[in-house]
Amino acid sequence: MAAVVAASSRLRDLLTWRLTAPTHLGLNLSLRPMGSSAQDEASRAAPSEAPHHNYESLRVTAAQRHILHVQLNRPEKRNAMNKAFWREMVECFNKIAQDADCRAVVISGAGKMFTSGIDLMDMAADLQPQGDDVARTSWYLRKLIATYQETFSVIEKCPKPVIAAIHGGCIGGGVDLITACDIRYCAQDAFFQVKEVDVGLAADVGTLQRLPRVIGNQSLVNELAFTARKMMADEALGSGLVSRVFPDKEVMFEAAFALAAEISSKSPVAVQSTKINLLYSRDHSVAEGLNYMTSWNMSMLQTQDIVKSVQAAVEKKDLKSVTFSKL
């Protein structure tokens with residue numbers, strides 16, 4: 001508590017001094033509207049391939065300023081998850097986590113659907129048990145499953161907010177993927193299937209752990225997981241799996257990128273701190289979450305982003321006109 005009080009007192013003094021400091025001290029923090037600057041034009045430019053993101057199963061583009069668009073990019077295979085996908089998703093999101101210019105991510109599927117799930121034909125060789133006895137075979141499979149789990153856990157670990165934009169089928173591994181995302185939008189034609197029981201196994205890369213927390217209805221989760229039935233868009237909205245449903249893919253994408261732009265206009269310190277603490281609090285008690293938050297903000301409250309945000313509010317300026325440092 002003492003640390004919070006001290007930080008708050010320091011913040012109040014800092015804000016007061018910064019907001020009243022004379023400009024001749026070189027502290028003029030007046031905010032410049034972007035207007036039709038080159039920077040603003042760049043944010044409206046056509047998407048370009050993101051540097052250092054070259055993959056077989058994914059396409060990553062710089063959709064707008066501070067926003068990356070990650071597409072599952074095997075439309076001819078209904079974006080089935082092949083061996084390259086499981087490896088490349090980890091590489092992709094580890095790079096995004098370290099990308100100081102990225103503040104939000106939209107993930108979608110190219111072509112007619114989000115994903116048909118695991119590519120069983122391509123993955124068949126990897127799924128064959130290997131080992132001289134039961135113990136060694138089990139050890140091999142344990143390592144393999146843990147590797148596949150990281151493919152989606154890396155989305156959750158990435159401090160940048162990730163928005164899933166879903167159209168058409170989101171089947172099997174697709175549900176594992178989207179439940180690791182922070183926000184989910186879908187088109188009216190979307191449907192969701194926890195498909196694993198139909199191929200003789202229990203979902204093992206995140207759905208059974210995250211879906212109950214996402215929708216908060218264990219009975220419904222059990223029904224979906226035991227039967228592999230389709231959940232259509234309206235039911236997904238009613239259950240809380242998605243937060244909005246749109247009439248078609250184009251309208252959904254427009255809304256998803258508008259949301260990403262809104263998020264990216266905020267302080268990256270504030271947004272990324274919020275994601276990290278939301279996830280920590282989900283998995284810990286209230287008391288533990290509050291203690292972690294105290295330790296976190298004892299340093300984060302010292303950011304200049306607070307000064308800039310408060311000044312924008314005082315001067316009734318659009319927060320989008322504020323330039324925050326990269327993070």
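Let's start inside: this structure holds one cavity of 30 Å³ or more. Keep in mind as we go that we're looking at a predicted model. The largest cavity takes in about 40 Å³ of space. Its lining is made up of Val 175, Phe 192, Val 194, Leu 211, Leu 224, Met 231 and Leu 241. Sort those by class and you get seven nonpolar residues, with no polar and no charged ones.

Now step back for the overall picture. The protein chain has 327 residues, and 44% of them are buried. Its secondary structure adds up to 13 helices and ten strands. What about contacts along the chain? Take the ones with a separation of 6 or more: 68% of them join residues that sit 24 or more positions apart.

One of the helices to look at is H11, which runs over residues 268–282. With 15 residues, H11 reaches 21 Å from its first C-alpha to its last, close to the 21 Å expected at 1.5 Å a residue. Just at its start, Ser 267 has a side-chain oxygen that comes within 3.2 Å of the backbone nitrogen of Val 269. Val 269 is itself one of the buried residues of H11, along with Pro 268, Val 271, Gln 272, Ser 273, Lys 275 and Asn 277. And what do the buried residues of H11 pack against? Their partners are four helices and a strand you can pick out in turn: helix H5 (134–157), strand E5 (162–166), helix H10 (249–264), helix H12 (286–300) and helix H13 (304–314).

Next, find Arg 210, in helix H7 (residues 207–215). Is Arg 210 buried or exposed? Its relative accessible area is 9%, and the cut-off for buried is under 20%, so Arg 210 counts as buried. Leaving aside residues up to four places away in sequence, Arg 210 touches Phe 152, Ser 153, Glu 156, Thr 179, Ala 180 and Val 205. With Ser 153 there is also a polar contact, side chain to side chain, at 3.1 Å.

For a last stop, move on to Asn 222 in helix H8 (residues 218–227). Asn 222 has a relative accessibility of 28%, and partly exposed covers the range between 20% and 50%, so that is the label Asn 222 gets. How far apart are Asn 222 and Leu 208? Along the sequence they are 14 residues apart, while in space their C-alpha atoms are 9.0 Å apart.

Definitions and conventions: Residues numbered from 1 in each chain as written. Predicted model: local features only at pLDDT ≥ 70, side-chain atom pairs only at ≥ 80, totals over all residues. Heavy atoms only, no water. 1 Å grid on protein atoms, 1.4 Å probe; cavity = no way out; pocket = protein on both sides within 12 Å on 5 of 7 lines; lining within 4 Å. Points joined across faces, edges and corners; volume = space filled by probe spheres on them. Nonpolar A, V, L, I, M, F, W, Y, C, P; charged D, E, K, R; others polar. Helix = DSSP H or I, 4+ residues; strand = E, 2+ residues; numbered from the N terminus. Expected span 1.5 Å × (residues − 1). Buried < 20%, exposed > 50% of the residue type's maximum accessible area, 1.4 Å probe, protein only. Contact = heavy atoms within 4.5 Å. Polar contact = N/O pair within 3.5 Å; in protein donor to acceptor, adjacent residues only side chain to side chain.
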